[in-house]
Amino acid sequence: IQSVEPVDQRTRDSLQKSVQLAIEITTNSQEASARHEAQRLEQEAKGRLERQKIKDEAEAEKARTALLELQSLSAAVESTGQAKAEAQSRAESAKIEGQAAVEQAQLHAQAQNIEAESELHRINDARKGEIEYVSSNNTLEISKAKQMADIETSKFQNMITALGSDNIAKIATSGHDNQLAMLKALGLQSTLITDGSTPLNLFNTARGLVGALPPATD
């Protein structure tokens with residue numbers, strides 16, 4: 001059975017109205033459902049938008065707080081860095097001044113050492129020159145004394161030779177007056193006679209005896 005159509009026109013009109021009414025009701029119901037769904041979707045979108053707005057505002061506030069914290073930290077770091085730089089600058093300046101003072105003291109000490117060494121060299125040179133002078137003078141004196149001793153010894157030996165052993169024996173055994181007479185005859189003013197057991201300083205004795213003699217005359 002494909003379709004059943006009423007024969008009666010009124011019934012047909014009534015059915016047609018019923019169909020139209022059903023269609024209208026269905027359409028209205030669909031429109032209402034569509035509006036309700038649209039409203040629901042709109043409310044959900046508004047809710048999501050509001051939540052996103054609140055979230056965005058919270059994130060913005062969080063970012064602003066973080067920015068303020070970073071600005072505060074940056075200011076603190078800058079202030080600390082400036083204070084640290086000033087402290088380091090003062091410390092470096094004090095270090096440079098200390099090093100300069102130490103170097104100045106070292107240079108002063110070196111200058112004093114150089115001056116002391118120069119004075120020491122000068123004193124040593126003066127002493128060395130004085131020692132050399134004294135040594136040379138002593139050497140000359142010793143040489144002169146030796147030459148004089150040799151001369152005195154030679155004179156004494158010549159005098160002994162000139163007197164002869166016989167005359168010396170006669171002088172030793174004669175009396176005082178005879179000794180003086182013999183000395184005058186020999187051109188002597190004094191003499192010393194001793195035996196071999198008594199040591200004598202012949203150099204001083206010869207100097208005394210010979211030095212007391214008058215110059216020889218022909």
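**Charges along helix 1**

Trainee: Let's start with Glu59: what is its relative accessible area?

Mentor: Keep in mind that this is a predicted model. Partly exposed covers the range between under 20% for buried and over 50% for exposed. Glu59 counts as partly exposed, because its relative accessible area is 43%.

Trainee: And where does Glu59 sit?

Mentor: Glu59 belongs to a surface patch of negative charge, along with Glu50, Asp56 and Glu57. As for its place in the fold, Glu59 is in helix 1.

Trainee: Let's move on to pairs of opposite charge. How many salt bridges are there in the whole structure?

Mentor: One of them joins Arg40 and Glu37, and another joins Lys46 and Glu42. Glu119 and Arg122 form one too. A search of the whole structure puts the number of salt bridges at six.

Trainee: Take Arg40 and Glu37. How far apart are the closest N and O atoms?

Mentor: Both residues are in helix 1, which covers residues 9-173, and they are three residues apart, so about one helical turn separates them. Each is partly exposed, Arg40 at 34% and Glu37 at 32%. A salt bridge needs the nitrogen and oxygen within 4 Å, and here the closest N and O atoms are apart by 2.0 Å.

Trainee: Which residues are linked with Arg40 in a network of salt bridges?

Mentor: We've already met one partner, since Arg40 forms a salt bridge with Glu37. The network of salt bridges links Arg40 with Glu37, Glu44 and Arg48.

Trainee: What about Lys46: which residue does its side chain meet in a salt bridge?

Mentor: Look four residues away in helix 1, about one turn of the helix. Lys46 is partly exposed at 45% relative accessibility, and its partner is partly exposed as well, at 41%. The N to O distance in this salt bridge is 3.5 Å, and the partner is Glu42.

Trainee: Last one: which residue forms a salt bridge with Glu119?

Mentor: Glu119 is partly exposed, with 36% relative accessibility. Its partner lies three residues apart from it in helix 1, so the two are separated by about one helical turn. That partner is also partly exposed, with a relative accessible area of 49%. The closest N and O atoms are 2.4 Å apart, and the residue you're after is Arg122.

Conventions. Residues numbered from 1 in each chain as written. Predicted model: local features only at pLDDT ≥ 70, side-chain atom pairs only at ≥ 80, totals over all residues. Heavy atoms only, no water. Buried < 20%, exposed > 50% of the residue type's maximum accessible area, 1.4 Å probe, protein only. Patch = residues over 30% accessible without salt bridge, like charges linked within 9 Å, V, L, I, M, F, W, Y side chains within 5 Å. Areas by Shrake-Rupley, 256 points an atom, 1.4 Å probe, with all protein chains shown as cover. Lys, Arg positive; Asp, Glu negative; His and termini not counted. Charge placed at Lys NZ, Arg CZ, Asp CG, Glu CD.
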